[in-house]
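Here is a set of short exercises to help you find your way around a structure that is new to you. Try each task yourself, then follow the worked solution step by step.

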Amino acid sequence: MALLHRPGRPAPTGHPRRLARTAAALAATLALLPPLVAAGGASAQEVPAADVDVHVNTQAALGRLSDTARGVNAAVWDSHMNDPEVAALMKTADVGAMRYPGGSYADIYHWETHTAPGGYVAPGTGFDAFMGTVRATGAQPILIANYGSGTPEEAAGWVRYANVTKNYGAKYWEIGNEIYGNGHYGSGWEHDDHADKSPREYARQVRAYAAAMKAVDPTVKIGAVLTAPGNWPDGITGEGDPGDWNHTVLSQVTDVIDFVTVHWYAGGSDTSADTAMSRLTRLPGELREVRAQIDRYAGAESPRIGIALTEVNTNTGGAQLTARPNGLFAADAFMTALENGVFNVDWWNTHNGPGAITTVDGETDYGDMGMLASGSCTGDVCQPAPNTPFHPYYGMKMTGELGTAGDTMVAAASSAQDLSAHAVHRRDGRLSVLLINKNPDAARTVDLAYAGFSPSAAAPEVRRYARGDSDITDVTDSGASASRVTVPPYGMLTVTLTPKSGTGPGASAAGIAGTPRLEAVTDTTARLSWAGTTGAARYLVQERDGAHTYLVGETTGTSVTLRNLPPGSTHTVNVLAADSAGRLAAPSDPLTFTTGTPADAACTVDYHRDTSWGNGFVATVSVRNLSDTPITGWTVDWDWPTDGQSVSSGWNATFHQSGRHVRVTAPENAGPLAPDGTSTASFGFVGANDGPNPDPTVFRLNGTVCAGG
């Protein structure tokens with residue numbers, strides 16, 4: 001299995017190298033829901049006919065922006081890390097987190113002596129100097145405790161110095177960097193002095209680190225390292241291990257950790273940022289799988305454990321890193337990750353150093369994974385002056401135009417693959433929509449429509465970053481309206497609208513309902529509860545499908561049971577409080593849950609992944625008939641949870657796949673399946689996955705839903 005990337009590995013120069021939903025609506029209540037509208041202030045300028053539709057639904061909350069949402073990595077080998085210009089630029093971009101001491105260097109770095117044996121440490125990059133930059137930025141540190149060559153006692157000493165001696169209030173502490181890259185799975189770039197390099201030992205050490213660090217400061221948050229589902233070495237089980245990295249670690253640490261960290265590089269054989277932007281469609285599924293893995297082992301405690309994406313970029317070295325397409329990728333990646341349940345996204349890197357020199361979109365691309373220029377050269381080609389922003393910086397900065405800490409991300413859907421849409425409902429009632437045109441050749445004219453939001457007649461505020469702009473530019477007088485805007489090729493617009501007077505959550509006397517909790521779930525029902533709020537006469541439970549919502553429950557209390565749900569189906573719901581006049585408050589944060597399979601089913605299916613290697617796997621499926629009559633000529637059906645999963649070849653049965661649906665048919669010479677579970681039919685296959693590889697949630701034997709799976 002080839003290694004997809006080697007993020008954080010020190011290069012010889014001393015710089016790291018970054019390689020069926022339920023729609024049981026109540027008619028009377030539906031009348032309360034604001035209709036879809038497409039309206040806005042008239043423009044004196046003629047706008048071209050629309051070729052893209054974007055739908056924004058403020059009643060479908062995706063979560064609140066945290067104060068650590070936007071982050072960057074900082075590395076001790078970076079001599080410009082603490083330049084005053086860095087703090088000023090990051091503050092302007094609303095950066096709330098800065099990660100230190102830098103990727104794989106974390107596992108050779110000793111904070112007290114400010115040394116990294118085997119690596120280069122630049123002058124003026126010590127911990128106190130770094131904290132000066134953090135404080136000048138108004139951010140929080142995310143610190144990586146040395147796992148590879150450190151000890152729990154060394155980490156506890158760092159906590160004592162940071163939070164007791166210096167009173168820095170450092171909250172977030174990761175235990176090591178990419179420890180799964182320590183050679184245990186055959187490829188090693190991460191330093192690890194432990195004789196036992198297995199995930200079992202890492203989990204044991206995480207417990208020791210957490211105990212030592214929290215004994216000094218019980219308020220610190222401890223993070224454990226996971227691998228991104230669908231990326232090497234996900235799914236690989238090492239010799240003597242009970243499971244792969246994620247499952248082994250999570251099975252032993254969920255009671256002592258507060259968050260997990262994953263790294264995501266779009267990767268692929270084509271390392272261009274254009275390809276990376278298309279591969280962003282994989283990220284939501286991979287993050288859902290991380291949450292599902294936490295759910296499996298943490299149970300009711302799962303919501304307490306956050307997810308941080310502490311490294312992200314297009315690729316780990318190659319073209320299109322400083323050029324415009326990577327700026328578009330940065331904006332899209334930050335928002336995609338934040339909308340899918342992470343509390344922090346950190347770009348790799350602040351400064352990184354030049355690599356291969358290419359020309360992209362008419363500009364020099366320096367092959368540099370940094371957001372800011374280091375002023376270094378490749379041959380006779382030199383970067384601009386240190387701290388000159390590259391395009392990814394402006395991509396991140398544009399997300400700050402969209403919303404800040406405490407604002408609510410809401411669902412937005414685009415009809416075009418080359419135009420991304422993200423939306424934030426601000427605390428002051430305004431709505432901001434970010435539109436990213438990934439087409440290098442054509443402008444896209446967008447029709448905007450809204451559910452749950454009525455724009456006023458005022459012209460929207462519009463910010464643009466496109467060809468010819470040296471910074472994010474105010475183009476409010478460009479002729480855009482609340483209902484139609486034009487986005488330049490390879491450009492971004494943020495459109496901010498004010499609500500019509502007397503509309504929106506601000507007009508409701510009800511507050512925001514608490515995030516729903518899953519109290520109990522069966523194959524066809526789910527019982528939800530939530531914390532009530534002042535001014536609420538009743539509560540509406542709405543299910544989200546993309547950017548559309550459907551009423552599935554109503555109650556005057558603070559719990560509801562949803563019924564007639566399909567077995568093995570996944571649902572995302574929000575709760576909205578309505579006041580006595582029927583006016584809706586802002587939606588709660590979302591809850592996603594999956595129904596089970598019937599306990600009294602007439603059949604069972606055991607699905608077992610025998611081995612995996614990142615983008616492929618081997619599975620065995622065993623079927624038993626629990627009914628009182630034999631079954632001759634059986635078929636087994638399932639649906640893959642993601643688009644990237646498929647059956648490549650199989651044995652002991654005939655396989656057919658159409659879209660996500662798989663049908664397996666008994667071989668011609670197969671005998672009957674005996675009644676009462678007294679015989680078993682087994683078959684196996686080689687599968688492929690481009691991205692996450694979650695197990696199917698429901699299996700059917702001759703159309704009957706089975707238990708297990």
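**Exercise 1.** Decide whether R538 is buried, partly exposed or exposed, and find its charged partner.

*Solution.* Keep in mind that this is a predicted model. Start with the accessibility of R538, which is 21%. Buried would need a value under 20% and exposed a value over 50%, so R538 counts as partly exposed. Next, look for the partner: the side chain of R538 forms a salt bridge with that of E554, with 3.1 Å from N to O. These two sit in distant parts of the chain, 16 residues apart, R538 in strand β26 (residues 538-545) and E554 in strand β27 (residues 548-555). Finally, check E554: its relative accessible area is 28%, so E554 is partly exposed.

**Exercise 2.** Work out which elements the salt bridge between R463 and E401 ties together.

*Solution.* First confirm the pair: the N to O distance between the side chains of R463 and E401 is 3.7 Å, and the cut-off for a salt bridge is 4 Å. Then place each residue. R463 belongs to strand β20 (residues 461-465) and E401 to helix α10 (residues 391-402), so the bridge ties together parts that are 62 residues apart in sequence. Last, compare the values with the limits: R463 is partly exposed at 21%, and E401 is partly exposed at 25%.

**Exercise 3.** Find where R207 and D255 lie, and say how exposed each one is.

*Solution.* Begin with the contact: R207 and D255 form a salt bridge through their side chains, at 2.7 Å from N to O. R207 is in helix α5 (residues 199-216), while D255 is in the loop between α6 (245-253) and β9 (259-265), and the two are 48 residues apart. Now the exposure: R207 has 34% relative accessibility and is partly exposed, whereas D255 reaches 54%, so it counts as exposed. To widen the view, note that salt bridges can also join into a network, as with K214, D258, E301 and R304. The count for the model comes to 32 salt bridges.

**Exercise 4.** Check whether the length of helix α9 agrees with its number of residues.

*Solution.* Helix α9 covers residues 324-339, which makes 16 residues. At 1.5 Å a residue the expected span is 22 Å, and the end C-alpha atoms are 23 Å apart, so the two values agree. Then look at its cover: 16 of the 16 residues of α9 are buried. After the helix comes G341, with a positive phi near 100°.

**Exercise 5.** Describe the surroundings of T408.

*Solution.* Place the residue first: T408 is in strand β16 (residues 408-414). Its relative accessibility is 10%, so T408 counts as buried. Its side chain makes a polar contact of 3.1 Å with the side chain of R64. Setting aside residues up to four places away in sequence, T408 touches A61, G63, R64, A423, V424 and H425.

**Exercise 6.** Pick out backbone features that stand out from the usual pattern.

*Solution.* Recall the general pattern: most residues other than glycine have a negative phi, and most peptide bonds are trans. Look first at the peptide bonds. The one from Y100 to P101 is cis, with omega near 15°, and P101 lies in the loop between β5 (97-100) and α3 (127-137). Another cis bond joins W232 and P233, with omega about 5°; P233 is in the loop between β8 (221-225) and α6. Then turn to phi. D94 is not a glycine, yet its phi is positive at about 60°; D94 is found in the loop between α2 (84-92) and β5. N702, also not a glycine, has a positive phi of about 50°, and its place is the loop between β38 (699-701) and β39 (704-705).

**Exercise 7.** Judge how compact the protein chain is for its length.

*Solution.* Take the secondary structure first: 10 helices and 40 strands. The radius of gyration is 26 Å, close to the 27 Å from the globule rule for 709 residues, so the chain is as compact as a globular protein of that length. As a last step, consider burial: 56% of the 709 residues count as buried.

Terms used: Residues numbered from 1 in each chain as written. Predicted model: local features only at pLDDT ≥ 70, side-chain atom pairs only at ≥ 80, totals over all residues. Heavy atoms only, no water. Helix = DSSP H or I, 4+ residues; strand = E, 2+ residues; numbered from the N terminus. Buried < 20%, exposed > 50% of the residue type's maximum accessible area, 1.4 Å probe, protein only. Expected span 1.5 Å × (residues − 1). Polar contact = N/O pair within 3.5 Å; in protein donor to acceptor, adjacent residues only side chain to side chain. Contact = heavy atoms within 4.5 Å. Rg over C-alpha atoms; globule rule 2.2 N^0.38 Å.
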